[in-house]
Amino acid sequence: MKPQSPQSTNVSILRLVLQKLSLALLLLLAFGLILLGKTDTIFLPKLRALMVDATAPVLEFIAPPAKNVAGVFENVRDLAELREKNDRLVAENTRLMRWRAAALDLEVENQRLKGLLHFVPPPEARFISAKVIADTGGSFARSLIVLAGKKDGVRKGQSVVASEGLVGTVVDVGERASRVILLTDINSNIPVLVEINPNSPVLPETSRVKAILSGDNSNMPQLIFLHEPVTIRPGDRLVTSGDARVFEQGIPVGVVASVNEQTGIRVDLYVEQGRIDIVRIVDFGQTGILPDEDHD
Amino acid sequence: MAQKGTRSSFGSDRPGLWVRLDDFLRALAPAGITLVLILISLTPSRLPFFVHVAPMLSLISVFFWAVTRPGSIGYGTAFLLGAAEDALTGAPLGSTSLVFLLMLMLVNSQARFFMARTFFPTWWVFSVVAVTAAVMKWGLVSLHNMHVMDLRAIAFCSLITIAIYPLFAWALGWVNVLIYRSPE
């Protein structure tokens, strides 16, 4: 075997030292980024938005085939549940027809009362419909990437809804795509109103209580910071409160699923993650408590 | 294992432009495939459970290439891949980079162990790596948000990642042979 020259040995040592040094620097940089993520509200969101924008065409391209594959599994599941689903839908339809009649009565009454009070209606909301091209489901973060960005009028902080109710909030806005943080994400905290079930024997006079719905990356976010000491029961309905000027009041959110001393009050959301194809980004003209650095 | 060819063009010692471009693209392949897997893991799958406990496909890819072709994914590349995943998923930026760097450091330090390249010991080591990586990321995300996350989701995520490793290792192994086979 040919012995190594002292020069090549030196080069190898130098390369090894440089490699170790670069590793140490990169580890420090990674730590630094994690720390910076807690405080920086300008550079890192822009970096994320840039990344979302750059990958949007690829995600848009690969999303339909993935949906088709998943659709096959869904069809098989639907076929297996067809009879049961039909019975459930017939019963639900009967119940909804009764609710429709009640809603029409209430609408007429509401209009009459508004007329009597000379009520000034809030400005009409503007909707931007967007296709979901990525669902970053997982244990560490819960968000969606939608195909609408700055050029379509999307702004940071706007609320995102589906037909069933609230989905989340826009957090990163690129030119043609945006990232939406879901209500289940650990960083999601939204002000809500809990509509206490009128059948509750405990406090029949209290109809609505303010609270915060806090995500923890589990499927059911937790209800915290109840403003009044009331008894919350499974089945109580949640809507957005409109506080902190983040969301418009009254967007359906979910129902209380369980009340437990250890796990707290858990909420079953109306919108099921993983089944969202199209969302509507709503501009209520609310600015939110955090200013959007890109605004104007 | 097939090795990358060192070809010369028209008798010259220096390889030609196309050969160099070919070698460059081959060298980029492990990082490119990992990036594709990151994007695939983001597609709306609608599969039951997959939405809530998605497997760590990028971890499988980085581990596979680090073991199969040491040096094919350098520390800088691993850092960038991790940062890209964090930027797209919304996880704390730098957390996946840190996990990838520490994993590469571990695999590189045990390079001799992986020389034999028998599947089951490698899978066993990957299982330990996957659980460690998931717990580490759980710790980082929990610390970052000052909120202890549910450990069960992390356990499921690790188990699914470990369970699908053989399938992806087989597919990546096939890609490895396809990309790096010696030209005749």
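Which elements of chain A have the lowest and the highest mean pLDDT? Keep that question in mind while you colour the model by pLDDT, which is the predictor's confidence in each residue, from 0 to 100. Among the elements of chain A, H2(A) has the lowest mean, 82, and E5(A) has the highest, 92.

This is a predicted model, in which local features need pLDDT of at least 70 and side-chain atom pairs count only at pLDDT 80 or more, while totals for chains, interfaces and linings use all residues. Residues are numbered from 1 along each chain as its sequence is written, and chains are lettered from A, with ligands numbered from 1, in the order in which they are written. The model as a whole scores ipTM 0.82 and pTM 0.79.

**Select chain A**

Chain A holds three helices and 12 strands, where helices (H or I, at least four residues) and strands (E, at least two) are DSSP runs numbered from the N terminus. Its mean pLDDT is 82, and 88% of its residues reach 70 or more. Of its 296 residues, 33% count as buried; a residue is buried if 20 or more other C-beta atoms lie within 10 Å of its own, exposed if 12 or fewer, and partly exposed in between, with C-beta atoms placed from the backbone.

Now select A:Asn217, in the loop between strand E7 (208-214) and strand E8 (222-224) of chain A. This residue has a positive phi of about 70 degrees although it is not a glycine. Most residues other than glycine have a negative phi. Is A:Asn217 buried or exposed? With 26 other C-beta atoms within 10 Å, A:Asn217 is buried.

Go next to A:Glu248, which lies in the loop between strand E9 (237-240) and strand E10 (252-260) of chain A. A:Glu248 has 18 other C-beta atoms within 10 Å and is therefore partly exposed. Select A:Ser159 as well: the two residues are 89 residues apart in sequence, but 8.4 Å apart in space, C-alpha to C-alpha.

**Select the place where the chains touch**

Here 46 residues of chain A are in contact with 41 residues of chain B, two residues being in contact if their C-beta atoms, placed from the backbone, lie within 7 Å. On the chain A side, the elements that give two or more residues are helix H1 (6-39), helix H2 (43-80), strand E1 (126-135) and strand E5 (178-182). H2(A) gives the most, with 15 residues. By class, this side of chain A has 24 nonpolar, 14 polar and eight charged residues; Ala, Val, Leu, Ile, Met, Phe, Trp, Tyr, Cys and Pro count as nonpolar, Asp, Glu, Lys and Arg as charged, and the others, Gly among them, as polar.

Show H2(A) together with helix H3 (residues 75-89) of chain B, and look at how their axes cross. The axes come within 8 Å and cross at roughly 90 degrees, axes being lines fitted to C-alpha atoms, for helices over the stretch in contact, with angles running from 0 to 180 degrees between N-to-C directions. The two helices are therefore roughly perpendicular to each other, a description that covers angles of 65 to 115 degrees, whereas angles under 35 count as roughly parallel, over 145 as roughly antiparallel and the rest as oblique. To see the contact itself, select A:Leu47, A:Arg48, A:Met51, A:Val52 and A:Thr55 of H2(A), with B:Ala84, B:Ala87 and B:Leu88 of H3(B). These residues divide into six nonpolar, one polar and one charged.

**Select chain B**

Chain B has seven helices and zero strands, and buried residues make up 40% of its 184 residues. Its pLDDT averages 84, and 85% of the residues score at least 70. Over residues 1-10 of chain B, however, the pLDDT is below 50. Where pLDDT is low, the predicted coordinates should not be read in detail.

Move to B:Met146, in the loop between H6 and H7 of chain B. B:Met146 has a positive phi of about 55 degrees although it is not a glycine, and with 8 C-beta neighbours inside 10 Å this residue counts as exposed.

Finish on helix H7 (residues 151-180) of chain B, where a kink of about 45 degrees lies at B:Tyr165, shortly before the proline B:Pro166. The bend at a residue is the angle between axes fitted to the seven residues ending there and the seven starting there. The buried residues of H7(B), among them B:Ile154, B:Cys157, B:Tyr165 and B:Leu172, pack against helix H2 (57-68) and helix H6 (119-145) of chain B.
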